[in-house]
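Dear colleague,

I am handing over the structure we spoke of, and below it you will find my notes on what turned up when I went through it. Please read them with the structure open beside you.

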Amino acid sequence: MNPGDAAIVILAGGRATRFPGKLEQLVDGEPMLLRVYSNARATGLPVYVAAGADLPPSIAAHLDVPLLTDRWPHGGPLRALLSACEQLAHARVFVVAGDEPRVAADAFETLADAWRQDLEAVVCEHDGRIEPLAALYSRAAVLREAPAAIASGRDAMHALIERLASRRVRVSSTCFVNVNTPEDWARLARTSP
């Protein structure tokens, strides 16, 4: 894949209040965050992990990537993405949540193939819903629009998408298994390849 000057940012700084320690839970034999990391590394692009605090040693020891410190720990994914974009110099940023272990290299390739010069974001869509945490963004557009979205009180990723020239691309719903609860993790384990 050659999407130009791009990098992947894995957002891994949430509180996980409904499922403490979820990023350490095994998916296909490895901790969930490391599964996301492996999928991202398979693209050949630079990969960064954005987190609000130190990662568990069982995970940090296996990450051979720069860690980006979230300026607003536990402030939500929009603030985490803005913080990451402030620390990077790449023109475009793929973003993926640390709890989406089924977003694989082909999803990143689909996003890159859909990019056009007049766009500021390309977002995965499935089952009539968008996945703002499986998307490709113009870094400059995030830096320009995220502070305005936050200031308006609409500090969700959907609010950012509404402010950007964006395109949706359909992908298989099997890519998107967010793990927010122990029940989600158990369901993922039953459907593992």
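**Notes on the structure**

Let me begin with Ile8, which is found in strand E1, a run that covers residues 6-11. Please bear in mind throughout that this is a predicted model. Ile8 has a relative accessibility of 0% and therefore counts as buried, the cut-off being under 20%. If we leave aside its neighbours within four places in sequence, Ile8 is in contact with Ala40, Thr43, Leu45, Pro46, Val47, Tyr48, Phe94, Val96 and Phe108. One of these, Val96, is 88 residues away from Ile8 along the chain, and yet the two C-alpha atoms are separated by 7.5 Å.

**The sheet**

Strand E1 belongs to an open sheet of seven strands, in which the order is E5-E4-E1-E6-E8-E7-E9 and the pairing is mixed. At the edges are E5 and strand E9 (166-170), each of which pairs on one side only. From one strand to the next, the twist averages 30°. Helix H1 (residues 32-41) packs on this sheet, where it touches E1, strand E4 (47-51) and E6, and its direction makes about 170° with that of E1.

As background to the pairings that follow, strands of a sheet pair through backbone hydrogen bonds, either parallel or antiparallel. E1 and E4 run parallel and are joined by four bridges, and among the residues concerned Val9 has Tyr48 in E4 as its bridge partner. E4 and E5 also run parallel, with three bridges between them; here the bridge partner of Val49 is Leu67 in E5. Strand E6 (residues 92-97) and strand E8 (residues 129-138), by contrast, run antiparallel and are joined by five bridges, with Val93 having Tyr137 in E8 as its bridge partner.

How many of the five residues of E4 are buried? Five of the five are, so E4 is largely enclosed by the rest of the structure. Val47, Val49 and Ala51 point one way from E4, whereas Tyr48 and Ala50 point the other way, and all of them are buried.

**Helix H4 and the aromatic pair**

In helix H4 (residues 105-114), the buried residues are Ala107, Phe108, Leu111, Ala112 and Ala114. They cover an arc of only 165° around the axis, which puts them on the same side of H4. In general, an α-helix has 3.6 residues a turn, so residues three or four places apart point the same way. What covers the buried residues of H4 includes E1, H1, E6, strand E7 (121-126), E8 and E9.

The structure holds one aromatic pair. It is formed by Phe94 and Phe108, which meet edge-to-face, at 5.5 Å centre to centre and with 85° between the planes. Because Phe94 lies in strand E6 and Phe108 in helix H4, the pair ties together parts that are 14 residues apart in sequence. Phe94 is buried, with a relative accessible area of 0%, and Phe108 counts as buried too, at 2% relative accessibility. Both Phe94 and Phe108 also appear in the list of residues that Ile8 contacts.

**Two residues with positive phi**

You may want to look at two loop residues, Asp28 and His74. Asp28 lies in the loop between strand E2 (26-27) and strand E3 (30-31), and its phi is near 55°, a positive value in a residue other than glycine. Asp28 counts as partly exposed, at 34% relative accessibility. His74 is found in the loop between strand E5 (67-69) and helix H3 (77-87), and although His74 is not a glycine, it has a positive phi of about 65°. With a relative accessible area of 38%, His74 is partly exposed.

**Cysteines**

How many disulfides does a search of the whole structure find? The number is zero. For reference, a disulfide is a covalent bond between the sulfur atoms of two cysteines. Cys85 is buried, with a relative accessible area of 0%, and Cys124 likewise counts as buried at 0% relative accessibility.

With best wishes

How values were computed:
Residues are numbered from 1 along each chain as its sequence is written. This is a predicted model: local features need pLDDT of at least 70, side-chain atom pairs count only at pLDDT 80 or more; totals for chains, interfaces and linings use all residues. Side-chain values use heavy atoms; hydrogens and water are left out. Buried means under 20% relative accessible area, exposed over 50%, partly exposed in between (1.4 Å probe, protein chains only). Contact means heavy atoms within 4.5 Å. Two strands pair if DSSP finds at least two bridges between them. Axes are lines fitted to C-alpha atoms, for helices over the stretch in contact, and angles run from 0 to 180 degrees between N-to-C directions. The arc is that of the directions from the helix axis to the C-beta atoms. Rings of Phe, Tyr and Trp (its six-membered ring) pair if their centres lie within 6.5 Å; planes under 30 degrees apart count as stacked, over 60 as edge-to-face and the rest as tilted. A disulfide is a pair of cysteine sulfur atoms within 2.5 Å.
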